[in-house]
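Here's a quick briefing to read alongside the model. Have the sequence and the 3D view open, and hop between them as you go.

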Amino acid sequence: MDNKKFYISTPIYYPSDKLHIGHTYSTVQADAMARYKRLQGFDTFFLTGTDEHGQKIEDKAKDAGVTPKEYVDNIVAGIKDLWKLMNISNDKFIRTTDEYHEKAVQKIFQKMYDKGDIYKGSYEGLYCKPCESFWTETQAVDGKCPDCGRPVIKASEEAYFFKLSKYADRLLEYYEAHPDFIAPVSRKNEMVNNFIKPGLQDLCISRSTFKWGIQVPVNPEHVIYVWLDALTNYITALGYNSDDESLYEKFWPADVHLIGKDITRFHTIYWPAFLMSLELPLPEKVYCHGWVLLEGGKMSKSKGNVVDPVVLADRYGVDTLRYYLLREVAYGSDGVFSNENLINRINNDLANDLGNLVSRTVSMVEKYFGGEIPAERVPGEFDDEIKALAAETKINAEKNLDELRFSDSLTAIWKFISRTNKYIDETAPWALAKDEANKARLAEVMYNLCESIRIISVFVAPFMPDTSAEIRKQLGIGELKNWDECGVFGKEATFKVSKGTIIFPRIDLEKELAELEAAQKSAEPVNPLKEEIEGVAKIGIDDFAKVDLRVAKITDCVPVKKAKKLLQLTLDDGTGTPRTVASGIAKYYQPDELIGKSIILVSNLKPAVLCGVESCGMILAADAPDDDVKVIFVDGVPAGSKVR
């Protein structure tokens, strides 16, 4: 990485009604990295934003009775508010509806077209409307979208194509010459083996069946389609193809594109090929992190799960949520969110380890020295150990951060925090304070503790900026300006402390889970019916609790022989063992349209044999008008998730 500049980006997010904790995870990671690099003296540019064009937006705006721009304006305002709440320090927020971006994208299209890398043709293939993606017969998996698993439909449409196939060999050569380009390496292997080696197909980059998009410069009847519009934001945000390209010249190529693993293909195949066509440098690294998933544990432990980042930040604090996300999810892997895990992190890591260390130390300095440590001090046993570990921690924290291993970096930092707490027990300041002859030694112990905490305030600053500032305030030292302050002991001549509020109060786990459960219930809509539904008996909560509802994904579906009403469903219920369910929905659904869908399963129903098929459970459906039946679909929710 260039030692003068650093450019990091998150994906530009689709403006859904509400961002979830997974989006927050991506952005908090990028923010921690940007803060770390700024402290190191890098001239840093951190970009995030929104991807606002496409058929889905046009359709939703129409349903809402507003223009597409009015529809996205309202949602984007909420996204910006969330980033402000989460203390995100982005340098720019780009919207693909920004006029400068739209003009630059048209120029990019024209350059590729003039070069011969874009041509007009007729698309006859398979289309997934939810993903707004076209697929060939070879790319689709059993007639379903390879991304979301939903059924695709045959579509025919005049379109412009980018010659993606032309760049297959160059992509492989680039991967080979730049082994760190895609991280972790498992994502690179997936791209090579699943997409490039089987044969890249030319990419559809325009649509003519809707209007909400950037007009194709050579044919205004078409709009530029999704990824050419969205991915180019990384350079248009820097002024590429504008009257002022100074930011582009300074910061491109990007040091890190930080993305979720579900959009790896677009960032490591499409985007590099676009850049090759434009004869521009490629980014140094694309880091494809895992997902934050919901816990599918016992009802009693996870009833109160809250995944709205605004609710979590308001309840526990922004830095607490930032810490949890960065510590809990390992490098490149998926992480599982639960309120119980979050509260345990608060109590163990933040309250017991860090918060208690600061509180005890400041209290002892006030008690023994009136708040200011004397200049006369005497070193002793254990001092060298803690100083050596501080230097070692700096090396480990930096190495892991430079490799985007946020959890590993925090693990190294917490090792130093734990060692500092142990230093208190080893030196026993309360015992030293009993004898005036030990005053100089006591002063050294308290100085070492304060210096350790000062160093910790630097370590945690990229992850928990407000916590770092509060620690320094209680130590009576100035604003943090340089990462190298964490390098060695002795920067501060003395400390004049001032005890503040408890940084991380402990939480009663059982009480908190109960309150979350109650809060969730109170937020649920009340049944507006004043009278009981005829013929329906009321049951208690204990009876309802006996029903175990789980999300399951339909992996296969075939008719049951000699049974006109039954379909035999093979389900992935998250246990790792396929489950078979016979369901009387053959009149209403074709087997192919169900494969890939996620449904709600009554998982603890006793098995029953129906027309020779052992059915282990039941799926939920609703009676609809005109003698119709509608299966309840919950696509996008991981298999095995508890329904409550």
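Let's start with a facing pair: L47 stands opposite K92 in strand 3. Strands here are DSSP E runs of at least two residues, helices are H or I runs of at least four, and both are numbered from the N terminus. Bear in mind that this is a predicted model, where local features need pLDDT of at least 70, side-chain atom pairs count only at pLDDT 80 or more, and totals for chains, interfaces and linings use all residues. Residues are numbered from 1 along each chain as its sequence is written, and side-chain values use heavy atoms, with hydrogens and water left out.

**Around strand 2**

- Strand 2 covers residues 43-50, and 7 of its 8 residues are buried (under 20% relative accessible area with a 1.4 Å probe, protein chains only; exposed is over 50%, partly exposed is in between).
- That's why strand 2 counts as largely enclosed by the rest of the structure.
- Strand 3 (residues 92-95) runs parallel to strand 2, and 4 bridges join them.
- Strand 1 (residues 5-13) also pairs with strand 2 in the parallel sense, over 7 bridges; to count as paired, two strands need at least two DSSP bridges between them.
- F6 has T44 of strand 2 as its bridge partner.

**Helix 12**

- Helix 12 spans residues 309-316, and its buried residues are P309, L312, A313 and Y316.
- These residues cover an arc of only 95° around the axis (taken from the directions from the helix axis to the C-beta atoms), so they sit on the same side of helix 12.
- As background, an α-helix has 3.6 residues a turn, so residues three or four places apart point the same way.
- At the start of helix 12, a side-chain oxygen of D308 comes within 2.9 Å of the backbone nitrogen of V310.
- Right after helix 12 comes G317, with a positive phi near 105°.

**E385 and R419**

- E385 belongs to helix 15 (residues 383-402).
- With a relative accessible area of 46%, E385 is partly exposed.
- The E385 and R419 side chains make a polar contact at 2.8 Å; that term means N or O atoms within 3.5 Å, and within protein one must be able to donate a hydrogen and the other to accept it, with sequence-adjacent residues counting only if both atoms are side-chain atoms.
- Along the chain E385 and R419 are 34 residues apart, yet their C-alpha atoms are separated by 9.1 Å.

**The open sheet**

- Five strands, in the order 18-17-16-19-22, form an open sheet with antiparallel pairing.
- Its edge strands are strand 18 (579-583) and strand 22 (618-619), each pairing on one side only.
- Strand 19 (residues 598-602) meets strand 22 in the antiparallel sense over 2 bridges, and V602 stands opposite M618 there.
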